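User: I should like to learn how to read the packing features of a protein model. Please take me through them one at a time, giving the idea before the case.

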Amino acid sequence: MIIEFFMALILGVLVGTITGLTPGIHINLVAIILLSFSVYLLNFPLITPIILVIFIVSMAITHTFLDFIPSIFLGAPDEDSFLSILPGHQMLLKGRAYYAIVYTLYGGLAALIIILLFTPIFIYVLPLIYPYFQKIMWIVLTLVSFLLIKSEPNKKILALIIFLMAGFLGIASLNLNIKEPLLPLLTGLFGASNLLISIRQNTKIPPQKIFPLKNIKIPKSSIAKTSLASIISAPFTAFLPGLGASEAAIIGQRALNIEDDREFLFLLGAISTIVMGLSFIALYSIQKTRTGAAVAVSKLLPEPTINNLFLILSTIIISGLIAFQLAIFISKIVSKNIHKIKYSRLSYIILTILLLIVFIFSDFTFQGKIISLLILLVSTSLGIFTILSGVRRMHLMGCLLIPTILFYLL
């Protein structure tokens, strides 16, 4: 079992590295695709449900460490890392993108400790309080939405309009008869729109500075502050639907008044890993799935045992430590070469990849593919409008929050 465990873990880390570095490939999509093939995979010797679970968990955790690289260097994030574009892109244009990556990775390491601390709480306390949360879920999500809009510095009315428009688009997309409605929706809102703006602005990337890790430091007071912010906000998003890492980051930022770019990137890195890791623990404690990866695990292990939980927790920690080293190594290579590449040409290539991914994976029927491309077009337009209006793109998460609020309200 030990050999199979480590083989599944290492393979999951490798695949998670690929998904994390590939713009437009979200880990939830990969997990669901793998689940659809699990019937055939389980016919092979040595492949059991828990082995597939270890693969999925290690892939998911690795993805949370690596996906900040395309987000910061290429401006092509998924919905869990798009906020890193804000300070990350600024640091990229100053030749300090490597620093930005390292700050998110420090946050990821802190997240591993926080996951260990919160696991007993999720096991023993969450089952007691979750039924009460269910009854007031729509109120909680509405208050969070209000807080996010209120946090907009200067254009609150426009932020509200964008939030509502995104919500309407989300409702329409989720009610269309296509297999993966979130793929074109989120790709347009957070990926294609940013790439088109970069092409329009003809962004040029300066040479990037690389220093040893010992010279890239965050004050201990900042680590304590941002860790506390992630503890305040992230655990709730591990079981509350409609909320993601980006919303948790804004809540944590507002709660402790985090303004420093280093602290914010640390916070994003921590929350992204915490949300993913605790979603697997929540599956054990309250049998609720918060992420696509957790859905896949729930199908493979309908009734997880304490031994399963121990293996999952071990996978989270080990794969996180390996992913940290891989991300450092890869980000150094990218930092040394990114300025040599014509950024607009690279943006065209990434945009083409996103279009192909949407066309291939969103649906298997021709009609479904056409509908998916229309969703991509409309969501990209809304994303571009949001960027040009100067409103924070976090309000586009109304595409998930509003449908979820209506689900619990109605």
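User: How many aromatic pairs does the structure hold?

Analyst: The model is a predicted one. Two rings are taken as a pair if their centres lie within 6.5 Å, and the structure holds four aromatic pairs. One of them joins Tyr-99 and Phe-211: the ring centres are 6.0 Å apart and the planes stand at 65 degrees, so this pair is edge-to-face.

User: Where in the chain do Tyr-99 and Phe-211 lie?

Analyst: Tyr-99 belongs to helix H6 (residues 97-124), while Phe-211 sits in the loop between helix H10 (182-201) and helix H11 (220-237). With their positions 112 residues apart, the pair links distant parts of the chain.

User: Are Tyr-99 and Phe-211 buried or exposed?

Analyst: Burial is read from the relative accessible area, with under 20% taken as buried and over 50% as exposed. Tyr-99 has 7% and is therefore buried. Phe-211, at 38%, is partly exposed.

User: What is the geometry of the pair formed by Phe-118 and Phe-122?

Analyst: The angle between the planes decides the class, and over 60 degrees counts as edge-to-face. For Phe-118 and Phe-122 the planes are at 80 degrees and the centres 6.5 Å apart, so this pair is edge-to-face. Both residues lie in helix H6, four residues apart, which is about one turn of the helix. Phe-118 counts as buried at 15% relative accessibility, and Phe-122 is buried at 3%.

User: How many helices and strands does the protein have?

Analyst: There are 18 helices and zero strands. Of its 410 residues, 59% count as buried. Among contacts between residues at least 6 apart in sequence, 83% join residues at least 24 apart.

User: How does one describe two packed helices?

Analyst: One gives the angle between their axes and the distance between the axes. Helix H8 (residues 137-150) and helix H18 (residues 398-409) pack at about 155 degrees, and their axes are 8 Å apart. An angle over 145 degrees counts as roughly antiparallel, so H8 is roughly antiparallel to H18. The crossing of H8 past H18 is left-handed.

User: Which residues of H8 and H18 meet?

Analyst: On the H8 side they are Met-137, Trp-138, Leu-141, Thr-142, Ser-145 and Leu-148; on the H18 side, Leu-401, Thr-404, Ile-405, Tyr-408 and Leu-409. Sorted by class, the contact of H8 with H18 has eight nonpolar residues, three polar ones and no charged ones.

User: At what angle do helices H1 and H15 pack?

Analyst: Helix H1 (residues 2-21) meets helix H15 (residues 306-337) at about 45 degrees, with the axes 10 Å apart. That angle makes H1 oblique to H15. The crossing of H1 and H15 is right-handed. From H1 the contact takes Phe-5, Phe-6, Leu-9, Ile-10, Val-13, Thr-17 and Leu-21; from H15 it takes Leu-311, Ser-314, Thr-315, Ile-318, Ser-319, Ile-322, Leu-326 and Ile-330. By class, the contact of H1 with H15 has eleven nonpolar, four polar and no charged residues.

User: What is the relative accessibility of Phe-6?

Analyst: Phe-6, a residue of helix H1, has 40% relative accessibility and therefore counts as partly exposed. Its C-alpha atom lies 9.3 Å from that of Phe-55, although the two residues are 49 residues apart along the chain.

User: How is H13 oriented against H15?

Analyst: Helix H13 (residues 261-286) and H15 pack at an angle of about 180 degrees, their axes being 10 Å apart. H13 is therefore roughly antiparallel to H15. Gly-277, Phe-280, Ile-281 and Tyr-284 of H13 make the contact with Ile-306, Leu-309, Ile-312, Leu-313 and Ile-316 of H15. The contact of H13 with H15 divides into eight nonpolar residues, one polar and no charged.

User: Which residues is Leu-189 in contact with, leaving aside its neighbours within four places in sequence?

Analyst: A contact requires heavy atoms within 4.5 Å. With those neighbours left aside, Leu-189 touches Leu-169, Ser-379, Thr-380, Leu-382, Gly-383, Arg-393, Leu-396 and Cys-399. Leu-189 is found in helix H10 and is buried, with a relative accessible area of 0%. The C-alpha atoms of Leu-189 and Thr-386 are separated by 9.0 Å, with their positions 197 residues apart along the chain.

Technical notes
Residues are numbered from 1 along each chain as its sequence is written. This is a predicted model: local features need pLDDT of at least 70, side-chain atom pairs count only at pLDDT 80 or more; totals for chains, interfaces and linings use all residues. Side-chain values use heavy atoms; hydrogens and water are left out. Axes are lines fitted to C-alpha atoms, for helices over the stretch in contact, and angles run from 0 to 180 degrees between N-to-C directions. Helices (H or I, at least four residues) and strands (E, at least two) are DSSP runs, numbered from the N terminus. Angles under 35 degrees count as roughly parallel, over 145 as roughly antiparallel, 65 to 115 as roughly perpendicular and the rest as oblique. A crossing is left-handed if the near helix is turned anticlockwise from the far one by less than a right angle, and right-handed if clockwise. Ala, Val, Leu, Ile, Met, Phe, Trp, Tyr, Cys and Pro count as nonpolar, Asp, Glu, Lys and Arg as charged, and the others, Gly among them, as polar. Rings of Phe, Tyr and Trp (its six-membered ring) pair if their centres lie within 6.5 Å; planes under 30 degrees apart count as stacked, over 60 as edge-to-face and the rest as tilted. Buried means under 20% relative accessible area, exposed over 50%, partly exposed in between (1.4 Å probe, protein chains only).
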